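Let's go through this model by asking how each label is earned. Have the structure open alongside.

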Amino acid sequence: MRPNYRVISKIVPKIFRDVYIKNIKIINQNIDPDEFIGFLFFASIALAIFSFFIMPYGLFSILLAEGVFFFVWIIAYVLLNFFAYKKTKSIEIALPDFLQLSSSNIRAGMSIDKAFWFSIRSNFGSLADEMEIIAKKVLSGSDFSEALDEFGNKFDSMIIKRTTKLIIEGIKSGGEMADLLDKLSDNIHSMHAIQKEISANVTTYVIFISFAVGVSAPFLFGLGFQLLTVMEKIASDITLPTSMAISSPM
């Protein structure tokens, strides 16, 4: 009989469940967060019990079981964060082109919501999927601004959050949306260029520091040690009269 994972998920404290649920919703809307967390808890318990019985009884087997239990949750957290980050970045990359296309549709006489729908392209990837989710919410009776606000708050990205907030403010104020979308697109392109430049500079510094620590420092330490050895040998071969002897820190 299949376990009821939704009931099992309630065992997990809410503060931990919320962290996993947020990333699960970012990655895939079709995954039930409670089902996933319940399955994860069930799997971690099963693996912990299995690891406990395959080892000799004692303190070590208890520690191993606890380690396996927490290891499963840590691995799941890392993977969820990684895939959520990848999806967020893919949306940030596709966003400026999407905004430019939406701006062209608005200039062609479309409303802001229709301009968004007709701008959905398969090459936009995850952004196209998110826009389809917004379209379904609007068709089911939700307000376009509210659906757009939910989209912005779902991702841990200042670019996405600020873009959606500015669009919502533009809709409420009745401003020229085509010009606003063009400016937002240009600003995001500029931010991407700055981020790439910063990333390139950081990579250069990392390579330089790694070379200095891994190659230059050991070489200089070795050279200094050899120099001290040679000087010590030379000093030991020199014999000075007692009256000329002097003390030296070296």
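Q: Which residues is F116 in contact with, leaving aside its neighbours within four places in sequence?

A: They are F98, S102, M131, F144, L148, I167 and L181, where contact means heavy atoms within 4.5 Å. A word on the ground rules: this is a predicted model, so local features need pLDDT of at least 70 and side-chain atom pairs count only at pLDDT 80 or more, while totals for chains, interfaces and linings use all residues. Residues are numbered from 1 along each chain as its sequence is written, and side-chain values use heavy atoms, with hydrogens and water left out.

Q: What makes a set of residues a nonpolar core, and which residues have the most contacts inside the largest one?

A: The members must be buried Ala, Val, Leu, Ile, Met, Phe, Trp, Tyr or Cys, joined through side-chain atoms within 4.5 Å. The largest such core here has 31 residues, and F116, L127 and F151 have the most contacts inside it. Helices α4 (59-107), α5 (112-117), α6 (126-139), α7 (144-154), α8 (158-173) and α9 (177-237) each supply at least two of its residues. The top contributor is α4, with seven. Apart from this core lies another, of 16 residues, including Y5, Y20, F41 and L80.

Q: Why is S51 called buried?

A: Buried means under 20% relative accessible area (over 50% is exposed, in between is partly exposed; 1.4 Å probe, protein chains only). S51 has 6% relative accessibility, so it counts as buried. This serine is found in helix α3 (residues 33-54). Leaving aside neighbours within four places in sequence, S51 is in contact with L64, A65 and V68. Across the protein, buried residues make up 30% of the 250 residues.

Q: How many helices and strands does the protein have?

A: Nine helices and zero strands, going by DSSP runs numbered from the N terminus: H or I over at least four residues for a helix, E over at least two for a strand.

Q: Why is the protein described as more spread out than a compact globule?

A: Its radius of gyration is 31 Å, well over the 18 Å that the globule rule gives for 250 residues, so the description holds. That radius is taken over C-alpha atoms, and the rule is 2.2 Å times the number of residues to the power 0.38. Along the principal axes, the C-alpha atoms fill a box of roughly 105 × 60 × 30 Å.
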